Each structure stands twice: as C-alpha cells, then as structure tokens.
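Let's walk through this protein together, starting with one puzzling side chain and then widening the view. Keep the structure open and turn it as you read.

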Amino acid sequence: MITMNDVIREGHPTLRAVAKEVPIPLSDEDVALGKDMLQFLKNSQDPELAEKYKLRGGVGLAAPQLDVSKRIIALEIPNTETEGADPILSTVMYNPKIVSHSVQQACLDEGEGCLSVDRPVPGYVIRQARITVRYTDINGDTQKARFKNYTAIVVQHEIDHLNGIMFYDHINEKNPFFAPEDVLILG
Ligand SMILES: OCN(O)CCCc1ccccc1
Ligand code: NI
C-alpha cells in the first residue's frame, strides 16, 4: 500500500519534470498503480486508517509525487454535504488533457496545500473556473468530462503536477491574496 514514505517532497527533481504519456492499451503495471493511488486517497480520508498509517488527507494524487514520471492522476473527492454519500469524483485519469476551459477564473478562499509540500504557502491559487478534460480511464476507455468549482480546481492541481508545476507557482508574489475582481473566490 502507498504511504507518506512513498511521497516525494519539494526539492526532488521529479516534481519539476514533465511526465511522460503512458502507452495505450494500459499496461497491467499502470492499471495497478492507478488502483493503488486511488486506494491511498480513500485510506487517507478514513480517520482510522489515516491515523494508523499516518496518512495526510488527500483528494488528489499525481504519479510524479511517487517519483513515477508518468501522466497518471487519481481523484477521490468526497461529497461533504451528505454523510455517507457517494464521492463527487472517484477516478483515475491516464494522459489527462484540458481540451477547453472557461475564460472565468476561480480560486479557493483558503488557498491550496500539497502532499509534497510540508509547509503552508498562503495565497490565492488562480485557476480556470470550468474545464473540459479528455483522458483514458482505468478500463482503457476514452472519456471527456467537464468539471467546475472545487473539482475543477483539484483536477488542475493534479494535471499541473504532470507538467512540473507546483500550486504556489500561481500565487502572486507581491500580493498573495490579490485576485482580479472577476475571479470567483470559492468558500
Ligand atoms: O497533488 C495532490 N496533493 O498534493 C494533495 C492536495 C490536493 C489539493 C489540495 C487543495 C486544492 C487542490 C488540490
Ligand atoms: Ni499536490
């Protein structure tokens, strides 16, 4: 099982590399890795397992964070509205590509964090408010999906990792909490 020992931290060169596309049809190895990444996220959101294995809670994970420079991301976004409801998004994306996005931008009012960053970096991380992503799913099928708000933010954070981009690269250095007036600030 994946634990925090497998997660590389800022300063490790793989976090700044551009990851390679994975061959389609998917290899057994890449399918297994995707499943392990998704299971890590689920475990990290389980209070008992997170405590037992000292896992930091995560809603997304990118293969480069495991020192695997491949274009694979996993997303496990819970539905916090209703206890026990199905997750908003629970999936593994191979070779994800943002094929279109809104002009409107958005950010989280509490900023972002990262499993590969062991320090708070305050500031607005300005991203696209809505995105359309094409990817290959764990069954090898091509998918095209649209995301908005928090889910769109998380998916962009993960795809950034495939291109060697860290969330704080998007923060305005002079004024971290600067946001152009038409940027959606998500609570
Ligand atoms: O790359 C995944 N990761 O480091 C876990 C944190 C994911 C994340 C947290 C806040 C906003 C967007 C994405
Ligand atoms: Ni991250």
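A salt bridge here is a side-chain nitrogen of Lys or Arg within 4 Å of a carboxyl oxygen of Asp or Glu, and buried means under 20% relative accessible area. Keep in mind, too, that you are looking at a predicted model.

With those two terms in hand, find Glu 158 in helix H3, which covers residues 149–162. Which side chain of opposite charge is nearest to Glu 158, and how far away is it? It is Arg 127, at 7.9 Å, and Glu 158 is buried yet has no salt bridge. What does Glu 158 touch instead, once residues up to four places away in sequence are set aside? Its contacts are Gly 60, Leu 61, Ala 62, Gln 65, Ile 73, Ala 74 and Leu 75.

Now step back to the whole chain. The protein has three helices and eight strands, arranged along the sequence as α-α-β-β-β-β-β-β-β-α-β. A compact globule of 187 residues would have a radius of gyration near 16 Å, and the protein agrees with that because its own value is 16 Å. If you like to think in box dimensions, the C-alpha trace spans about 45 × 40 × 35 Å along its principal axes.

How much of the protein is buried? Of the 187 residues, 47% are. The contacts tell you about the fold as well: among those with a separation of 6 or more, 71% are between residues 24 or more positions apart. On the outside, the protein exposes about 9900 Å², and carbon and sulfur atoms supply 50% of that area.

Charges are a good next stop. There are 19 positive and 27 negative side chains, and the centres of the two sets lie 5 Å apart. How many salt bridges does the protein have? The count comes to ten, and a few of them are worth visiting one by one.

Begin with Asp 169 and Arg 16, whose closest N and O atoms are 2.6 Å apart in a salt bridge. This pair links distant parts of the chain: Asp 169 sits in the loop between H3 and strand E8 (184–186), while Arg 16 belongs to the segment before helix H1 (28–44), 153 residues apart. Both partners are partly exposed, Asp 169 with a relative accessible area of 38% and Arg 16 with 44%.

The next pair is Asp 30 and Lys 70, again a salt bridge with its closest N and O atoms 2.6 Å apart. Here Asp 30 is in helix H1 and Lys 70 is in the loop between strand E1 (60–62) and E2, so to follow the link you cross 40 residues of sequence. Asp 30 is buried, with a relative accessible area of 2%, whereas Lys 70 is partly exposed at 22%.

A third salt bridge joins the side chains of Asp 118 and Arg 56, at 4.0 Å from N to O. Asp 118 lies in the loop between strand E4 (105–108) and strand E5 (127–128), and Arg 56 in the loop between helix H2 (47–53) and E1, so the pair ties together parts that are 62 residues apart in sequence. Arg 56 counts as partly exposed, at 35% relative accessibility. This pair also has company: Arg 9, Arg 56 and Asp 118 are linked in a network of salt bridges.

Arg 56 can serve as a landmark for another loop. Ala 85 is found between strand E2 (72–77) and strand E3 (89–101), and its C-alpha atom is separated from that of Arg 56 by 22 Å, with their positions 29 residues apart along the chain. Is Ala 85 buried or partly exposed? Ala 85 is partly exposed, because its relative accessible area is 33%.

Let's finish with the backbone. Most residues other than glycine have a negative phi, and most peptide bonds are trans. Where does this chain depart from that pattern? One place is the bond joining Ile 24 and Pro 25, a cis peptide bond with omega of about 10°; Pro 25 is found in the segment before H1.

Two asparagines are also worth a look. Asn 95 has a positive phi of about 50° although it is not a glycine. This residue lies in strand E3 and counts as buried, at 12% relative accessibility. Asn 149 likewise has a positive phi, of about 55°. Asn 149 lies in helix H3, the helix that also holds Glu 158, and is partly exposed at 33% relative accessibility.

Key. Residues are numbered from 1 along each chain as its sequence is written. Chains are lettered from A and ligands numbered from 1 in the order in which they are written. This is a predicted model: local features need pLDDT of at least 70, side-chain atom pairs count only at pLDDT 80 or more; totals for chains, interfaces and linings use all residues. Side-chain values use heavy atoms; hydrogens and water are left out. Helices (H or I, at least four residues) and strands (E, at least two) are DSSP runs, numbered from the N terminus. The radius of gyration is taken over C-alpha atoms; the globule rule is 2.2 Å times the number of residues to the power 0.38. Buried means under 20% relative accessible area, exposed over 50%, partly exposed in between (1.4 Å probe, protein chains only). Contact means heavy atoms within 4.5 Å. Accessible areas come from the Shrake-Rupley method with a 1.4 Å probe; for residues, only the protein chains shown count as cover. Lys and Arg count as positive and Asp and Glu as negative; His and the chain ends are not counted. The place of a charge is taken as NZ of Lys, CZ of Arg, CG of Asp or CD of Glu.
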